[in-house]
Amino acid sequence: MSESSNNNLEQAKQEGKYIRTIRSFVKREGRLTKGQAAAIEKCWPTMGLEHKNGLLDLTQVFGNNNDVVLEIGFGMGKSLVEMAKSAPHLNFIGIEVHRPGVGACLMDADEAGVTNLRVFEHDAVEVLADCLSDESLTTLQLFFPDPWHKKRHHKRRIVQTEFAEKLRSKLKIGGVFHMATDWENYAEHMLEVMQAAPGYKNQSETNDYVPRPDLRPLTKFEQRGHRLGHGVWDLMFERTK
């Protein structure tokens, strides 16, 4: 890194800007199906959110003051659409970097008649930093993120101390950060990070993991894992201050 670049980085940090140097995902560009492409063209004007537009007025975005649930990395969006359809009293925002997943989510939402869902096609860390006000979220969901299972890649895992601190400010007091993973080592990593993070309380009665709550739909992938004897670990941490 050049001296000027390093100075710019330090200046940005001093100004409170979050500078991301290691990404937790690799953007794999898949091919859109005709249905996904058509859904993006049809639904993006009403359901799409743009990072470049900056800070959101969520009351204006949804037309109400309902509590907001945000999900990072919704994949193809089936469970997110199911949650939004089952809870019309809540507003949902999904963030996904893979365009086919965005298209599939919009297609399912359109078919289901869901109106309380909005989506970003962007890096979640940048969306959290630039588009969401402090204490604006009731729940933040992170389900089955890339585990980066090789030890040398653990630094790429999205759940890190700095990330936990940054997202805490976006949760309301009493708001919940809900994580789920099917990699035991990552579950242990999540637990270690969150137990040490200030301003959070573990909602587990045993101070580790919680049973899968009904609000998180059981995916086909997860059902298959259960049949094969694979474990899934849910963690729910509440913001206390």
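A helix, as the word is used here, is a DSSP run of type H or I with at least four residues, and helices are numbered from the N terminus. With that in hand, arginine 168 and glutamate 165 can be placed: both lie in helix α7, 3 residues apart, which is about one turn of the helix. The model in which they are seen is a predicted one.

## Salt bridges

The structure holds 9 salt bridges, and three of them are set out in the table, each with the distance between its closest nitrogen and oxygen atoms.

| Pair | N to O distance | Accessibility of the basic residue | Accessibility of the acidic residue |
|---|---|---|---|
| Arginine 99 and glutamate 121 | 2.5 Å | arginine 99: 32% | glutamate 121: 22% |
| Arginine 168 and glutamate 165 | 2.9 Å | arginine 168: 14% | glutamate 165: 35% |
| Arginine 216 and aspartate 234 | 2.8 Å | arginine 216: 1% | aspartate 234: 2% |

Where in the chain do arginine 99 and glutamate 121 lie? Arginine 99 belongs to helix α5, residues 99-112, while glutamate 121 sits in the loop between β4 (117-120) and α6 (124-131), so this salt bridge ties together parts that are 22 residues apart in sequence. Arginine 99 is partly exposed, with a relative accessible area of 32%, and glutamate 121, at 22%, also counts as partly exposed.

In the pair within helix α7, arginine 168 counts as buried because its relative accessibility is 14%, which falls under the 20% cut-off. Its partner glutamate 165, at 35%, counts as partly exposed.

The side chains of aspartate 234 and arginine 216 meet in a salt bridge as well. Aspartate 234 lies in strand β8 (residues 233-239) and arginine 216 in the loop between β7 (200-202) and α9 (220-227), so the pair links parts of the chain that are 18 residues apart in sequence. Aspartate 234 is buried, with a relative accessible area of 2%, and arginine 216, at 1%, is buried too. Through salt bridges that share partners, Arg216, Glu222 and Asp234 are joined into one network.

## Annotated binding sites

Glu222 appears again in the UniProt record, whose unreviewed entry places the feature "binding site" at Lys150, Asp182, Thr219, Lys220, Phe221 and Glu222. Lysine 150 is found in the loop between β5 (137-143) and α7 (161-168), and with a relative accessible area of 40% it is partly exposed. Aspartate 182 lies in the loop between β6 (171-181) and α8 (184-196), where it counts as partly exposed at 26% relative accessibility. When residues up to four places away in sequence are set aside, aspartate 182 touches Phe144, Phe221, Gly231, Val232 and Trp233; one of these, Phe221, is itself listed in the annotation.

The unreviewed UniProt entry also gives the annotation "binding site" for Glu71, Glu96, Asp123 and Asp146. Although these four are spread over 76 residues of sequence, they cluster in space, and the largest C-alpha distance is 14.3 Å. Is aspartate 123, in this group, buried or exposed? Aspartate 123 lies in the loop between β4 and α6 and, at 5% relative accessibility, counts as buried. Aspartate 146 lies in the loop between β5 and α7, and it is partly exposed, with a relative accessible area of 34%.

## Nonpolar cores

In soluble globular proteins, nonpolar side chains tend to be buried together. In this model the largest nonpolar core has 36 residues, and those with the most contacts inside it are Ile93 and Phe177. Apart from that core lies another, of 23 residues, among them Cys43, Trp44, Phe74 and Val114.

Which residues does phenylalanine 177 contact, leaving aside its neighbours within four places in sequence? Phenylalanine 177 is in contact with Leu140, Leu142, Val159, Phe163, Leu167, Leu171, Met194, Tyr200, Leu235, Met236 and Phe237.

## A buried loop residue

Leucine 90 is found in the loop between α4 (78-86) and β3 (91-95). Leucine 90 has a relative accessible area of 19% and is therefore buried, since buried means under 20%. Not counting residues up to four places away in sequence, leucine 90 touches Asn66, Asp67, Val69 and Asn116. Leucine 90 and asparagine 65 are 25 residues apart in sequence, and their C-alpha atoms are 9.2 Å apart in space.

How values were computed
Residues numbered from 1 in each chain as written. Predicted model: local features only at pLDDT ≥ 70, side-chain atom pairs only at ≥ 80, totals over all residues. Heavy atoms only, no water. UniProt positions renumbered as here; feature names shortened; annotations may be inferred. Helix = DSSP H or I, 4+ residues; strand = E, 2+ residues; numbered from the N terminus. Buried < 20%, exposed > 50% of the residue type's maximum accessible area, 1.4 Å probe, protein only. Contact = heavy atoms within 4.5 Å. Core = buried A, V, L, I, M, F, W, Y, C linked by side-chain atoms within 4.5 Å. Salt bridge = Lys/Arg side-chain N within 4 Å of Asp/Glu carboxyl O.
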